[in-house]
Amino acid sequence: MEWVVIVSVLVMTILCLLRFNVILSIIVAAITAGLLSGLNISDSIKMMVEGMGGAANTALSYILLGAFAVAINYTGITSLLVNFIIRILTGKKTMMLLALAGVASLSQNLVPVHIAFIPILIPPLLKVFDKMRMDRRAVAITLTFGLKAPYIMIPAGYGLIFHGLIIDGLQNNGAEITTNQTTMAMLVPGLGMVVGLLIAIFITYRKDKEPKEAREDVSTNVATQTDSNITFEKKHVFTLVAIVLALIVQIIFDNLILGALTGLVALLLFVVIPFKEMDRVMTDGITMMGTISFVILVASGFANVLEQTGAVQSLVEVTSQSLGDNQALIALVLLILGLFITIGIGTSFGTIPIIAALFVPICIAAGFSPMATAALVGTAGALGDAGSPASDSTLGPTSGLNADGKHNHIWDTCVPTFLHYNIPLFIFGWIAAMVL
């Protein structure tokens, strides 16, 4: 039982690396986990389907955000922004990447729209990236940094939720810690991601890269070109108002679905989007974000199989019994376990409550301080999110970068982000556990 998590995650990872479809890879991994836990194939699939409902809200949110992104692009306002970026940053690859990292970072804290900005901003820039001979793997790493590092280090927006999960996880399992202590604890592993970003930009992907040929069968629904003659008009004012309304509603009600619906309805009421075009907008939105939504649904089902069969708890219990009181070894093993668990589940936020209940008692018994425990739990939850085929931190960048069919989700997003972020996160998280 204790090897179920490791074997099933390895199955998923190997299939993805072999370029097998991500959704089918996760389904096979879930069935594998069920079979290894003593279930038959039918019961394994039933348990997976039952768990998919837990991600229905997120999946619907992403489809509606995709439709909202298509509607915004329909107005032409995206071309104005892209034209500005082209004028300022064309030929300046490093500045372009750092600017994208900044924009992505704002999406987690100051303007908490998460991945919604990617299908709006990135597809129109693809021609620019190719003209600059920019390696899209560097762009994927940059976007993933902005989607992940801010919530690890900054207790605002999504970061406030993430830090709150860590605090609740510790306090519910017998360890007292404050918000400030949690923030200080997570700064150390977060710095590891900064190191990974700088290595990617200035070393790994510094050289020019010739663009790939576009696939012939790729959808042309998402615009990848800009109109240099477009001017700011009244419809763009209404579009900005719709974006602001969607953002305000999302923040007030903490609901992405309601925010996206507000934006779409506003664009209709302002007659920015003709009523007869709404079917096309929704269809194109599903085309853009549908794959991400289904991956998230299936990943939620996989997580349910791992949780309901007790595979995660069994793995941690068996491992903890053989660790003794060597803090360095305990921290090392807990981080490795966190990596496997999060790669399988595909979300840092969903992993924290699971591993906190299992890790905190071990940390208390081993004599770790509350800050060291927070660093371990937070880092273990964050490990694997970058690089997981089922994570929105990787699915989001791919959704924008593959709009013209030139970007592979596994080899161009997951593998580069895994190497550049999980390795430094692991090292800095282990150091935090040792020194705090």
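**Charged pairs, cysteines and a nonpolar patch**

Trainee: Is Asp-284 buried or exposed, and with what relative accessible area?
Mentor: Happy to start there, and do keep in mind that this is a predicted model. Asp-284 has a relative accessible area well inside the under-20% cut-off for burial. Asp-284 is therefore buried, at 3%.

Trainee: Which side chain meets Asp-284 in a salt bridge?
Mentor: The partner lies 4 residues away in helix 14 (residues 278–308), about one turn of the helix. It is partly exposed, with a relative accessible area of 36%. The N to O distance of the pair is 3.3 Å, and the partner is Arg-280.

Trainee: How many residues apart in sequence are the parts that Asp-130 and Lys-406 tie together?
Mentor: The side chains of Asp-130 and Lys-406 meet in a salt bridge at 2.8 Å, N to O. Asp-130 lies in helix 8 (residues 126–131), while Lys-406 sits in the loop between helix 19 (392–401) and helix 20, so the parts joined are separated in sequence by 276 residues.

Trainee: What is the N to O distance in the salt bridge of Asp-130 and Arg-136?
Mentor: Asp-130 and Arg-136 are both buried. Asp-130 and Lys-406 are both buried too. For the salt bridge of Asp-130 with Arg-136, the N to O distance is 3.1 Å.

Trainee: How many salt bridges does the count come to?
Mentor: Besides the pairs we have met, Lys-93, Arg-133, Asp-208 and Glu-210 are linked in a network of salt bridges. For the structure, the count of salt bridges is 9.

Trainee: How far from Cys-414 is the nearest cysteine sulfur?
Mentor: A disulfide needs two cysteine sulfur atoms within 2.5 Å, and the structure holds 0 disulfides. Cys-414 is in no disulfide, and the nearest cysteine sulfur belongs to Cys-16, at 7.1 Å.

Trainee: What relative accessible area does Cys-414 have?
Mentor: Cys-363 is buried, with a relative accessible area of 0%. Cys-414 is buried as well, and its value is 3%.

Trainee: Which helix gives the largest share of the nonpolar patch?
Mentor: This surface patch of about 790 Å² includes Leu-329, Ile-336, Trp-430 and Leu-436. Two elements give two or more residues to it: helix 16 (327–345) and helix 20 (409–435). The largest share is 6 residues, and it comes from helix 20.

Trainee: What is the relative accessible area of Leu-332?
Mentor: Leu-332 is one of the patch residues, and it lies in helix 16. Patch members need over 30% relative accessible area. Leu-332 is partly exposed, at 34%.

Note on methods. Residues numbered from 1 in each chain as written. Predicted model: local features only at pLDDT ≥ 70, side-chain atom pairs only at ≥ 80, totals over all residues. Heavy atoms only, no water. Patch = residues over 30% accessible without salt bridge, like charges linked within 9 Å, V, L, I, M, F, W, Y side chains within 5 Å. Areas by Shrake-Rupley, 256 points an atom, 1.4 Å probe, with all protein chains shown as cover. Salt bridge = Lys/Arg side-chain N within 4 Å of Asp/Glu carboxyl O. Buried < 20%, exposed > 50% of the residue type's maximum accessible area, 1.4 Å probe, protein only.
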